[in-house]
Amino acid sequence: MQEFIINFFDGTKSDISAQLEILRSKLAPSGNVVSPAGQRLTERVFGKPLTPVQVVETICRDVLEDRQAAVDRYSQLLDGYVAGSESFRVEATQLERAHRQCDPAFLACVRRIRDRIWAFQKSILHKSVTVSNTDGVKLEQFYSPLRRVGLCVPGGAAAYPSSLLMTAVPALAAGVEQIVVVAPPTKLGAFNSDIQAICFELGITELYAVGGAQAVAAMAYGTEQLERVDKIVGPGNLFVALAKRHVFGHVDIDSIAGPSEVIVVADQTTPPEFAAADLLSQAEHSPGSSVLISWDETTITSIDAALRKQLKSLERNELIVESLKEFGAYVLVKDRQQACQIISQLAPEHLHIAIEGARGMLPNLHNAGAIFLGLHTPVALGDYAAGPSHVLPTGGTARWASGLSSNHFLRSNSVIEFDRHALAAIAQDVCVLADKEGLTAHKQSVTVRLPSGAK
């Protein structure tokens, strides 16, 4: 068992806390760790060793100053891609061709998933509110969609049509009219026929073959070929996450995402093969964190055996083993209460309560991006088809952050309307605070509207 474990905990709170803090620090996108191959590429491109944060700052600064020329330069240096003479945008005719040639069964699947996501995201949209509790006062809160948003779709290790659906459909449900998609210039990214076909199916006409920090900077600042967006959402590697953090303020972002995470809670009622499959599915992302929590040591032993057995048949087993070694843990706790305490501490992206009577734990669970209840609700349902977006807070940020939804593509506005009598009724309170703060012009803007006798 030791091969895949950070530590086999004995159930004492101090030992668990210390080890889990180490795990959580590994999952945070600190920006200080890069692979040897990444280090060599950095030195070749920039002529000296740079941290990922320094790489992102350099790329973003250059795109801000040189616009499209910088985007093209970094695409060639980092991805080996040279855009055509006119544009790095995938032509609309190619999107239509990919859609026409797409497997009809796949398109039917895409439409079913789109409809599920659309139905859920439409149902949770914020509704405008009008409050008129006082004579002469009308207060309103209304919501309107952002005009133009950018979606990051990964395309390095695999193609991710699910990420396109889970970002684009919530935006469409919110009423966003202009959607920009960026994906790496690879056959798994912008040149993937399935990605192109889904764009056409969803009515998205702007697909750009660009990835990494240069893609984020291009959307945030705009170039001669790409109009800037109002918000950037979607997953990506460390450089994408750091670039989103860097450009925040020029545009809005959804989150700064790190490796995928799952905590699986199991007990004697959990089929070991179920829990093992759930742990492996997130480790498959590589990097991906898989943590098993149980108050029954026999359950942990059984799940570990099932995990090792299933691992042998998986295509990405070497990458999965790396994830399990780096980000995996089995946690033996005293009881359900301690399990909930640890979950709150880690604040995972995905939480799967894979036991009978799972809903009974829900009142004590507060920090998780998405919660999956019961023996027949694997996390893969949320990843692909259920309805809520799979773009979720990672690295412990579920303590305060929420998963992406249609509401993140809305902005709210308030409308305040008083008549003469309502102004007179509230004027004294305004004047008291204005006097307290020494803002006499504020006070005067109210009193000038009052009858002379009321001043």
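User: I'm new to this structure. Which residue stands opposite Ala266 in strand 9?

Analyst: Welcome! In this predicted model, Ala266 has Ser294 of strand 9 opposite it. The pair belongs to a wider pattern: strand 8 (residues 260-266) and strand 9 (residues 288-294) run parallel and are joined by seven bridges.

User: What packs on the sheet there, and which strands does it touch?

Analyst: That is helix 11 (residues 272-283), which touches strand 8, strand 9 and strand 11 (350-353). The direction of helix 11 makes about 155° with that of strand 9.

User: In what order do the strands of this open sheet come?

Analyst: Read across the sheet, the five parallel-paired strands come as 10-9-8-11-12. Strand 10 (328-332) and strand 12 (370-373) are at the edges with a single partner strand each, so one side of each has no neighbour in the sheet.

User: Now helix 16. Where is its kink centred?

Analyst: Look at Ile426, where helix 16 has a kink of about 45°. Helix 16 covers residues 420-437 and spans 25 Å from first to last C-alpha, close to the expected 26 Å.

User: Which residues of helix 16 are buried, and what covers them?

Analyst: Here is the general idea: an α-helix has 3.6 residues a turn, so residues three or four places apart point the same way. In helix 16, the buried residues are Ala422, Leu423, Ala427, Cys431 and Ala434. Their cover includes strand 2 (137-145), strand 13 (410-418) and helix 17 (440-447).

User: What should I look for at the start of helix 16, and just after it?

Analyst: At the start, a side-chain oxygen of Asp419 comes within 3.2 Å of the backbone nitrogen of His421. Just after the helix, Gly438 has a positive phi of about 70°.

Conventions. Residues are numbered from 1 along each chain as its sequence is written. This is a predicted model: local features need pLDDT of at least 70, side-chain atom pairs count only at pLDDT 80 or more; totals for chains, interfaces and linings use all residues. Side-chain values use heavy atoms; hydrogens and water are left out. Two strands pair if DSSP finds at least two bridges between them. Helices (H or I, at least four residues) and strands (E, at least two) are DSSP runs, numbered from the N terminus. Contact means heavy atoms within 4.5 Å. Axes are lines fitted to C-alpha atoms, for helices over the stretch in contact, and angles run from 0 to 180 degrees between N-to-C directions. The expected span of a helix is 1.5 Å times one less than its number of residues. The bend at a residue is the angle between axes fitted to the seven residues ending there and the seven starting there. Buried means under 20% relative accessible area, exposed over 50%, partly exposed in between (1.4 Å probe, protein chains only). A polar contact is a pair of N or O atoms within 3.5 Å; within protein, one must be able to donate a hydrogen and the other to accept it, and residues adjacent in sequence count only if both atoms are side-chain atoms.
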